[in-house]
Amino acid sequence: MVKVEGLDKLMAEHPFFQGMDETSRKTLAGCARNERFGAGDYVAHEGKPAERFYFIRSGTVALEFHMPSNDGLVIETLHDGEVFGWSWMVPPYEWAYDIRAVELTRVISLEATCLRKKLKKDNALGFELYSRFVPVMAKRLSSARQQLTDMYGKS
Amino acid sequence: MSAKPHIDAMTPVPFTVTKRTQELADTFTLELTPAAAGGAPAFLPGQFNMLYAFGVGEVPISVSGDPAYPEKLIHTIRDVGAVTNALSKLKKGAQVGVRGPFGSAWPVNEAQGSDVVIIAGGIGLAPLRPAINHILANRTKYGRFVVLYGARSPADVLYVKQLQSWRGRLDTFVDVTVDHAGRDWAGNVGVVTRLIGRANFDAHHTKVFICGPEIMMRFTIKELTGLGVAKDDIYVSMERNMKCAVGHCGHCQFGGHFICKDGPVFEYARIENLLQVRGL
């Protein structure tokens, strides 16, 4: 189900956009779509073009690696107020993981090609967006490094 | 309630294994009762005993039972060395030497009137379980009560039934995460620190009790202080090589402290600088 009305208002409620000026947010809303995924639906598959990125309004998604030996290894879950899908920022613009909705999940998505065009024309908006993405990426990197320590030890 | 070792602190008292439960692949729980007449000593949440596997050696193990029922002396133990391996092989009816209880306790009374956040990693849930039991038994004396727990995988989640039971209460927020999982796991995946922001407690009126690997505690404290939790509202349970358990031998010296006597539970503000000393 896709809805195109009131997206700016929905975006304003998401933590990622808090404090962003209305003009910038409305510009981004021109690339936005309101979507929902049922439990078990795949939002994206590893290696496929990363054409959108997502802001979770409610629900949970799992980031999975496809494993030959089993159904898939879940490496992280993301919840209300979080963001996923920054493969749109990095060539060759392909998904690095599978993304599966664990439960009914409502998101706002932004279309990558539309966004890249706008950001090329408006460097200030690009800086604003990237400034918001970098802390999210830093936190995710820190979490991934903590997981690498296997801190709870062998069981 | 007394929390001092009974009889002589250096003399193990024989206890009988009355129940053995295999919790995880390498983790088990022993329920002990005194071999002679007389009850087991009372203990405070967070204290530990020295368990003596006869002919093998002694190890410090936190008491993980309910302080309201001290007659059942309960310890959850991970099989990681010669002594814990010997303890893992004990069956119902076998005997164990017990010295204790020793050490400091979680400040459950000082926490009354505040929100309380319990954060545990791996087998670190065991030393915190007596504090959880105490708070739940006196639930109306506390504000919001949060239990956050991280484990390696779904198969490594300790006390699953109790976590479910605590979560089923309408007055307790329980959240669990694992580092990795298969698709049949519908819960959280990610580090335990990521649960903190969603726990919705009052950072300025909260006592936090943390137990787990030191690296997990460091990251957890960083997240908590970032949210505005004061350092003297954070308590951690430290682990070092404890031998005598009464502050004589020095094996567990940690700067100017002995973990066995001054700890294992410390106010974070007291040991913050020591945690940053490499190799200590």
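Which residue of β6(A) stands opposite F55(A)? I looked this up first and found V83(A) there.

**Basis of the entries**

I note that this is a predicted model, in which local features need pLDDT of at least 70, side-chain atom pairs count only at pLDDT 80 or more, and totals for chains, interfaces and linings use all residues. Residues are numbered from 1 along each chain as its sequence is written, while chains are lettered from A and ligands numbered from 1 in the order in which they are written.

**Chain A: the sheet and its helices**

I took helices (H or I, at least four residues) and strands (E, at least two) as DSSP runs, numbered from the N terminus. I counted two strands as paired if DSSP finds at least two bridges between them.

F55(A) led me to strand β3 (residues 52–58) of chain A, which is joined to β6(A) by 2 bridges and runs antiparallel to that strand. I then traced the open sheet, whose 4 strands follow the order β1-β8-β3-β6 (chain A) with antiparallel pairing. β1 (32–37) and β6 (83–84) of chain A are at the edges with a single partner strand each, so one side of each lacks a neighbour in the sheet.

Helix α3 (residues 112–121) of chain A packs on this sheet and touches β3 and β8 (105–111) of chain A. Contact here requires C-beta atoms, placed from the backbone, to lie within 7 Å. I recorded an angle of about 50° between the directions of α3(A) and β8(A); axes are lines fitted to C-alpha atoms, for helices over the stretch in contact, and angles run from 0 to 180 degrees between N-to-C directions.

Helix α4 (residues 123–148) of chain A has 26 residues and spans 36 Å from first C-alpha to last, close to the expected 38 Å. The expected span is 1.5 Å times one less than the number of residues. Just after α4(A), I found D150(A) with a positive phi of about 50°.

**Chain B: strands and domains**

In chain B, I followed strand β1 (residues 13–24), which pairs with strand β2 (residues 27–34) in the antiparallel sense over 8 bridges. The two form a hairpin with 2 residues between them, and L24(B) has T27(B) as its bridge partner. On β2(B), 6 bridges also lead to strand β5 (residues 73–78) of chain B, again antiparallel; there T27(B) is partnered by R78(B).

I read domain 1 (13–102) and domain 2 (115–237) from the domain assignment of chain B, whose bounds come from an automatic or database domain assignment. Their C-alpha centres lie 24 Å apart. The contact takes 14 residues from domain 1 of chain B and 12 residues from domain 2 of chain B.

**Chain B: helix α2**

Is helix α2(B) largely enclosed or largely open? I found 11 of its 13 residues buried, so α2(B) is largely enclosed by the rest of the structure. Buried means that 20 or more other C-beta atoms lie within 10 Å of the residue's own, with C-beta atoms placed from the backbone. Among the buried residues are L125(B), R129(B) and H134(B).

**Where the chains meet**

I closed with the contact between the chains, which takes 26 residues from chain B and 19 residues from chain A. On the side of chain B, α5(B) gives the most, with 3 residues. Strand β5 (residues 73–78) of chain A pairs with β10(B) in the antiparallel sense over 2 bridges, and V74(A) has A181(B) as its bridge partner.

Key:
Contact = placed C-beta atoms within 7 Å. Buried ≥ 20, exposed ≤ 12 C-beta atoms within 10 Å, placed from the backbone.
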